[in-house]
Amino acid sequence: MGYYIRTPQTSFAIRTENLPRFFDLVSMLMSDENVEENGQGGSYADGRKTRSWYSWVNTDDVRRAVLDRDIRRVFECWGYDLESTNEENGVSHFYLDIRGGDAKIGDEEKFFAAIAPVVEDGSFIDVIGEEDSRWRWMWENGKFYSQDVIRTEIHFGEPNQIAFHDVTKKENV
């Protein structure tokens, strides 16, 4: 069981000079103490938690990606595809999308909050959940936020007639 989400629109950037700090922040997030305290996933025995991890995340894989300084792999471990689109004025811009088009939501809000100090202001991920619920994850002033959609409006333009030409009667139906 789980809650599936899609990410139809994103804008994500990190100042290139902050990439080393990005890895420091992820390393801190993946410390044994933080995984134990913040990870929602885990194994249980005799009614108590015996081991912790972040939901849908392999802790050792993330730690290896951090050691390798592989930002794409870090995001992949958290369930996201990250592709560099361009670098402009010292800012690395990325295409960020949930892997496979949709996936179960896990503990990525903790990941996104942990890296917030290095994410460029105005970065965002629009999210659509099951039952068409919608929200935006966004970064401003070194902090990470979740913003609910209040209203979705659909406006239709003028109708365009679509006709069928019945060749047996030589007229439009």
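**Exercise 1. Which residue stands opposite F144 in β9?** Determine this in the predicted model, and describe how the two strands concerned are joined.

*Solution.*
Step 1. Locate the strands: β8 comprises residues 134-140, and β9 comprises residues 143-148.
Step 2. Establish their pairing: β8 and β9 run antiparallel to one another, with six bridges.
Step 3. Read off the partner: the residue opposite F144 is W139.
Step 4. Examine the connection: two residues separate β8 from β9 in a hairpin, and N141 in that turn has a positive phi of about 50 degrees.

**Exercise 2. Between which residues of β4 and β5 does one find an opposite pair, and which turn residue has a positive phi?**

*Solution.*
Step 1. Strand β4 spans residues 80-88 and strand β5 spans residues 91-98.
Step 2. The two strands pair in the antiparallel sense over eight bridges.
Step 3. E88 stands opposite V91 in β5.
Step 4. β4 and β5 also form a hairpin with two residues between them; in its turn, N89 takes a positive phi of about 50 degrees.

**Exercise 3. Classify the aromatic pair F22 and F23, then the pair W137 and F144.**

*Solution.*
Step 1. Searching the whole structure yields 17 aromatic pairs.
Step 2. For F22 and F23, the ring centres are 5.1 Å apart and the planes stand at 80 degrees, so this pair is edge-to-face.
Step 3. For W137 and F144, the ring centres are 6.3 Å apart and the planes stand at 50 degrees, so this pair is tilted.
Step 4. Consider burial. F22 and F23 are both buried. W137 is buried, its relative accessible area being 0%, and F144 counts as buried at 17% relative accessibility.
Step 5. A further ring takes part in a contact with a charge: R136 lies over the face of F124, 3.9 Å from the ring centre.

**Exercise 4. Explain why the buried residues of α1 lie on the same side of that helix, and name the elements they pack against.**

*Solution.*
Step 1. The buried residues in α1 include F22, F23, L25, V26 and L29.
Step 2. These residues lie on the same side of α1 because they cover an arc of only 160 degrees around the axis.
Step 3. Recall the general principle: an α-helix has 3.6 residues a turn, so residues three or four places apart point the same way.
Step 4. The packing partners of the buried residues of α1 are β1 (4-15), α2, α3, α4 and α5 (108-114).

**Exercise 5. Describe the buried side of α3 and both ends of this helix.**

*Solution.*
Step 1. Helix α3 covers residues 59-67, and its buried residues are T59, V62, A65 and V66.
Step 2. Their arc around the axis is only 125 degrees, which puts them on the same side of α3.
Step 3. The cover over these buried residues includes α1 (19-29), α2 (32-38), β3 (48-53) and α4 (71-77).
Step 4. At the start of α3, a side-chain oxygen of N58 comes within 3.0 Å of the backbone nitrogen of D60.
Step 5. Just after α3, R69 has a positive phi of about 55 degrees.

**Exercise 6. Is G42 buried, exposed or partly exposed, and which residues does G42 contact?**

*Solution.*
Step 1. G42 belongs to strand β2, residues 41-45.
Step 2. With a relative accessible area of 23%, G42 is partly exposed; the cut-off for buried is under 20%.
Step 3. Neighbours within four places in sequence aside, G42 contacts K49, R51, S52 and W53.
Step 4. G42 and I128 are separated by 86 residues in sequence and by 26 Å in space, C-alpha to C-alpha.

Terms used
Residues are numbered from 1 along each chain as its sequence is written. This is a predicted model: local features need pLDDT of at least 70, side-chain atom pairs count only at pLDDT 80 or more; totals for chains, interfaces and linings use all residues. Side-chain values use heavy atoms; hydrogens and water are left out. Buried means under 20% relative accessible area, exposed over 50%, partly exposed in between (1.4 Å probe, protein chains only). Helices (H or I, at least four residues) and strands (E, at least two) are DSSP runs, numbered from the N terminus. The arc is that of the directions from the helix axis to the C-beta atoms. Contact means heavy atoms within 4.5 Å. A polar contact is a pair of N or O atoms within 3.5 Å; within protein, one must be able to donate a hydrogen and the other to accept it, and residues adjacent in sequence count only if both atoms are side-chain atoms. Rings of Phe, Tyr and Trp (its six-membered ring) pair if their centres lie within 6.5 Å; planes under 30 degrees apart count as stacked, over 60 as edge-to-face and the rest as tilted. A charge sits over a ring if NZ of Lys or CZ of Arg is within 6 Å of the ring centre and within 35 degrees of the ring normal. Two strands pair if DSSP finds at least two bridges between them.
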